[in-house]
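Here is a short report on one protein chain. Look through the sequence and the structure first, then read on.

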Amino acid sequence: GFGTGLNAFLALLEARESQRKVMFHTFEKYPLTPQEIGCMNYTDYFDPADTLLFQQLHDAPWGEDVPITSYFTLHKHEADFEEV
């Protein structure tokens, strides 16, 4: 699932580093609230320049392709993977 967005973020960084286009689909039945995400303080461990990218992953609307960078497009599905 999308969960905290950490796997999506790491995939985004790798796509940028390797300059390979990635279309990232993720499923989440129970999205975390912005408050829950903020409590994790993940951005304390990122390069400050990448903090905005992490936030863009969470701000991206559900159910549509959202280009985050030229190498990374995100599609978040608010659904149970087993039911899809």
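The text below covers two helices, one strand residue, two loop residues and a pocket.

This is a predicted model.

**Helix α1**

Start with α1, which runs over residues 6–18. The helix has 13 residues. From its first C-alpha to its last it reaches 18 Å, close to the 18 Å expected at 1.5 Å a residue.

Which residues of α1 are buried? They are A8, F9, L12 and A15. Viewed down the axis of α1, these buried residues fall within an arc of 120°, so they line one face of the helix. The face turned away from that buried side carries the exposed residues N7 and E17.

Several elements help to cover the buried residues of α1. Among them are the strands β1 (22–27), β2 (65–69) and β3 (72–77). Helix α3 is also included in this cover.

**Helix α3**

Now turn to α3, which spans 51–59. Its buried residues are L53, F54, L57 and H58. They take up an arc of only 145° around the axis, which puts them on the same side of α3. L52 and D59 are exposed, and they sit on the face of α3 turned away from its buried side.

What covers the buried residues of α3? The cover includes the helices α1 and α2, together with β2 and β3.

**I68 in strand β2**

One residue of β2 deserves a closer look. I68 is found in this strand. Is I68 buried or exposed? Its relative accessibility is 12%, and buried means under 20%, so I68 counts as buried.

I68 has contacts with both helices described above. Leaving out residues up to four places away in sequence, I68 touches L12, L53, Q56, L57, T73 and L74. Of these, L12 is one of the buried residues of α1. L53 and L57 are among the buried residues of α3. I68 and L53 are 15 residues apart along the chain, and their C-alpha atoms are separated by 7.2 Å.

**Two loop residues with positive phi**

Q19 follows α1. Q19 has a positive phi although it is not a glycine. N41 also has a positive phi and is a residue other than glycine. The table sets out their values.

| Residue | Loop | Phi | Relative accessibility | Class |
|---|---|---|---|---|
| Q19 | between α1 and β1 | about 55° | 55% | exposed |
| N41 | between α2 and α3 | near 55° | 38% | partly exposed |

**The largest pocket**

Last comes the open space. The largest pocket has a volume of about 260 Å³. It is lined by 17 residues, and the closest to its centre are T33, P34, I37, Q55 and H58. The elements that give two or more residues to this lining are α2 (34–39) and α3 (51–59).

Which element gives the largest share of the lining? That is α3, with 4 residues. H58 links two parts of this account: it is one of the buried residues of α3, and it is among the residues closest to the centre of the largest pocket.

How do the residues of the lining divide? There are 8 nonpolar, 7 polar and 2 charged residues.

Note on methods
Residues numbered from 1 in each chain as written. Predicted model: local features only at pLDDT ≥ 70, side-chain atom pairs only at ≥ 80, totals over all residues. Heavy atoms only, no water. 1 Å grid on protein atoms, 1.4 Å probe; cavity = no way out; pocket = protein on both sides within 12 Å on 5 of 7 lines; lining within 4 Å. Points joined across faces, edges and corners; volume = space filled by probe spheres on them. Nonpolar A, V, L, I, M, F, W, Y, C, P; charged D, E, K, R; others polar. Expected span 1.5 Å × (residues − 1). Buried < 20%, exposed > 50% of the residue type's maximum accessible area, 1.4 Å probe, protein only. Arc of directions from axis to C-beta. Contact = heavy atoms within 4.5 Å.
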